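Take a look at the chain below before reading on. This report goes through it piece by piece.

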Amino acid sequence: MQIFANVTKKIILVGTNSLSIRFQIENSSDEFALYVVHASGERTKLKDSDYPLITRILQGPCEAISKIFLMEKDLGEEVTYDVAQYIKFEMPVLQSFIVKLKEEEDREVKKLTRKYSVLRAVIETRVQELTESWTQI
């Protein structure tokens, strides 16, 4: 199948019907989508209006950086760079990230608890002062 710059993703998927017949694939082309897969593991689904050839050219000349794949649509959610950067880490490293994040979360909770405790004390003091001033009137 030849792909030119003006060919959209939708046209390519329709063209895969002839490929599926040739290679005896029983699934409909509607069950597939084109994805840009980066070396980091980030996976982005191309829209129907996207031009795959132009998208690939914009990724740069190195095929190790990203490739375009025809994959099943129901692979789940797209994988963003933020998630993909952690996919290749070993389990102990990921567990240490979780420990650090938990420690940071605990520090933030304590900080907020202190802040609102002080505010509560100020409000209670002010309410007490106002209550006393009202009872004296």
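## A buried tyrosine and its surroundings

Tyr-35 counts as buried, because its relative accessibility is 2% and the cut-off for buried is under 20%. This value, like every other one here, is computed from a predicted model.

Where does Tyr-35 sit? The residue belongs to strand 1. Several residues from elsewhere in the chain touch Tyr-35. Setting aside neighbours within four places in sequence, Tyr-35 is in contact with Arg-43, Thr-44 and Lys-45. The list also includes Lys-67, Ile-68, Phe-69, Met-71, Glu-72 and Lys-73. Another pair can be described by its C-alpha atoms. Those of Tyr-35 and Pro-52 are 9.2 Å apart, and the two residues are separated by 17 residues along the chain.

## The whole chain

Now step back. The protein chain has 137 residues, and 19% of them count as buried. It contains four helices and three strands. Read from the N terminus, the order of elements is α-β-β-α-β-α-α.

Contacts between residues at least 6 apart in sequence can be sorted by their separation. In the protein chain, 64% of these contacts join residues at least 24 apart. The accessible surface comes to about 11000 Å². Carbon and sulfur atoms account for 60% of that surface.

## The sheet

The three strands make an open sheet. Their order is 2-1-3, and the pairing is antiparallel. Strand 2 (43-45) and strand 3 (66-72) stand at the edges. Each has a single partner strand, so one side of each is left without a neighbour in the sheet. On average, neighbouring strands of this sheet are turned by 30 degrees against each other, direction ignored.

Strand 1 covers residues 32-38 and is joined to strand 3 by seven bridges. These two strands run antiparallel. Which residue of strand 3 is the bridge partner of Leu-34? The partner is Leu-70. Ala-33 has a bridge partner in strand 3 as well, namely Met-71.

Strand 1 also pairs with strand 2, over three bridges and in the antiparallel sense. Here Val-37 stands opposite Arg-43 of strand 2. Strand 1 and strand 2 form a hairpin, with four residues between the strands. In this hairpin, Gly-41 takes a positive phi near 105 degrees.

How many residues of strand 1 are buried? The count is seven of its seven residues. Both faces of the strand are covered. On one side are Phe-32, Leu-34, Val-36 and His-38. On the other are Ala-33, Tyr-35 and Val-37. Tyr-35, where this report began, is thus part of a strand that is mostly covered.

## Salt bridges in helix 4

Next come the charged side chains. The count of salt bridges in the model is three. The table gives each pair with its N to O distance.

| Pair | N to O distance | Residues apart in helix 4 |
|---|---|---|
| Asp-106 and Lys-102 | 3.4 Å | four residues |
| Arg-120 and Glu-124 | 3.0 Å | four residues |
| Glu-129 and Arg-126 | 3.3 Å | three residues |

Helix 4 spans residues 91-136. Asp-106 and Lys-102 lie about one turn of this helix apart. About one turn also separates Arg-120 from Glu-124. Glu-129 and Arg-126 are separated by about one helical turn because they are three residues apart in helix 4.

How open are these side chains to the outside? Asp-106 is partly exposed, at 33% relative accessible area. Lys-102 is partly exposed too, at 44%. Arg-120 counts as exposed because its relative accessibility is 56%, and the cut-off for exposed is over 50%. Its partner Glu-124 is partly exposed, at 45%. In the remaining pair, Glu-129 is partly exposed at 41%. Arg-126 is partly exposed at 46%.

## A nonpolar patch

One more surface feature involves nonpolar side chains. Which residues form the nonpolar patch on the surface? They are Tyr-51, Ile-54 and Leu-58. Together they have about 300 Å² of accessible area.

Leu-58 is found in helix 2, which covers residues 52-58. Is Leu-58 buried or exposed? Leu-58 counts as exposed, because its relative accessibility is 68%. Tyr-35 in strand 1, by contrast, counts as buried at 2%.

Conventions
Residues numbered from 1 in each chain as written. Predicted model: local features only at pLDDT ≥ 70, side-chain atom pairs only at ≥ 80, totals over all residues. Heavy atoms only, no water. Patch = residues over 30% accessible without salt bridge, like charges linked within 9 Å, V, L, I, M, F, W, Y side chains within 5 Å. Areas by Shrake-Rupley, 256 points an atom, 1.4 Å probe, with all protein chains shown as cover. Buried < 20%, exposed > 50% of the residue type's maximum accessible area, 1.4 Å probe, protein only. Pairing = 2+ DSSP bridges. Axes fitted to C-alpha atoms, helices over the stretch in contact; angles between N-to-C directions. Contact = heavy atoms within 4.5 Å.
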